[in-house]
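Please open the structure in your viewer and keep the selection tool at hand. The tour below goes from one selection to the next and says what is there.

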Amino acid sequence: MEKALKKVCDAFDILRTRFVSTSSGIYQVLQASVDTSVKLFSDIDEYCLLDMEKGFSESDETWFRMGVCLQKSLMVFTVHHVLYDGWCLERIVKAIFEAYDGLLVQKSTPFKNLIDYIESQDKELTRQFWSKTIQDIEVDEGFPNSLNSSEPSQKHLLLTIDTPVTLSS
């Protein structure tokens, strides 16, 4: 499972992303590689509770974790909401299982392409568009304004594993 997770991290830049806070703001940093160790556990409820309590912080190397409950053939993939949306999360999970089955994992489009596109846009037209688009939106006072918010920021995905799991596959 660890080798499969490494293949997926190599293919999806977003999983190698961390965030660094400086005096000039928060920056997204793409790491060459990340820890892909998988935690084994026996009690799914206890694992999920402890995992939720742990949360994520700016000092974390990765903003995801994986655990496997061998007795129940379950995998828990915990990921911070800043790393995914509904479209890419499905692709990431599918890639984990494909990699585990020994299939080729297709590399995602580099995040740099998006940054280059954004940088090439007319900044004043962009500012005008978004100012007009969101001018009437009211922000809820409970909206988190930092990466260290006490609000839950991760999601647990409980996935059934059909084949016996080994950490080395």
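Start with the cysteines: a search of the whole structure, where a disulfide is a pair of cysteine sulfur atoms within 2.5 Å, finds zero disulfides. Select C69, which is in no disulfide, and look for the nearest cysteine sulfur, which is that of C48, 9.4 Å away. C69 counts as buried, at 0% relative accessibility, where buried means under 20% relative accessible area, exposed over 50%, and partly exposed in between, with a 1.4 Å probe and protein chains only. Add C88 to the selection, and you have a residue that also counts as buried, at 15% relative accessibility.

Before going further, please keep in mind that this is a predicted model, in which local features need pLDDT of at least 70 and side-chain atom pairs count only at pLDDT 80 or more, while totals for chains, interfaces and linings use all residues. Residues are numbered from 1 along each chain as its sequence is written, and side-chain values use heavy atoms, with hydrogens and water left out.

**The whole chain**

Now select the whole chain and colour it by secondary structure, which shows five helices and six strands; helices (H or I, at least four residues) and strands (E, at least two) are DSSP runs, numbered from the N terminus. Followed from the N terminus on, the elements run α-β-β-β-α-β-β-α-α-α-β. Of the 169 residues of the chain, 35% count as buried. If you look at contacts (heavy atoms within 4.5 Å) between residues at least 6 apart in sequence, 71% of them join residues at least 24 apart. The chain exposes about 11,100 Å², of which carbon and sulfur atoms supply 55%; accessible areas come from the Shrake-Rupley method with a 1.4 Å probe, and for residues only the protein chains shown count as cover.

**Helix α2**

Next select residues 44-54, which make up helix α2, and within it pick out the buried residues I44, Y47, C48 and D51. They lie on the same side of α2, because they cover an arc of only 95° around the axis, the arc being that of the directions from the helix axis to the C-beta atoms. Turn the helix over, and the face turned away from its buried side carries the exposed residues D45, L49 and E53.

Stay with C48, which you met beside C69 and which is found in helix α2. This cysteine is buried, with a relative accessible area of 15%. Add V76 to the selection: the C-alpha atoms of C48 and V76 are separated by 8.1 Å, although the two residues are 28 residues apart along the chain.

**Salt bridges**

Side chains of opposite charge can pair when their charged atoms come close. The structure holds eight salt bridges, each a side-chain nitrogen of Lys or Arg within 4 Å of a carboxyl oxygen of Asp or Glu. Select D13, R16 and K107 together, since these three are linked in a network of salt bridges. The side chains of D13 and R16 meet at 3.0 Å, N to O; D13 counts as buried, at 8% relative accessibility, and R16 is buried too, with a relative accessible area of 8%. The side chains of K107 and D13 meet in a salt bridge at 3.4 Å, N to O. K107 lies in the loop between α3 and α4 and D13 in the loop between α1 (2-11) and β1 (17-22), so the pair ties together parts that are 94 residues apart in sequence. K107 is partly exposed, with a relative accessible area of 48%.

**Helix α3 and helix α4**

Move on to helix α3 (residues 86-100) and select K94, which is exposed, with a relative accessible area of 52%. Its side chain meets that of E98 in a salt bridge of 3.7 Å, N to O. E98 and K94 both lie in helix α3, four residues apart, about one turn of the helix, and E98 is partly exposed, with a relative accessible area of 24%. For another view of K94, add V105: the two C-alpha atoms are separated by 9.4 Å, and the residues are eleven apart along the chain.

For the last stop, which residues form a nonpolar patch on the surface? Select F111, L114, I115, Y117 and I118, which form this patch with about 460 Å² of accessible area together. Patches are made of residues with over 30% relative accessible area and no salt bridge, where like charges are joined within 9 Å and nonpolar side chains (Val, Leu, Ile, Met, Phe, Trp, Tyr) within 5 Å. F111 is found in helix α4 (residues 111-120) and counts as partly exposed, at 34% relative accessibility.
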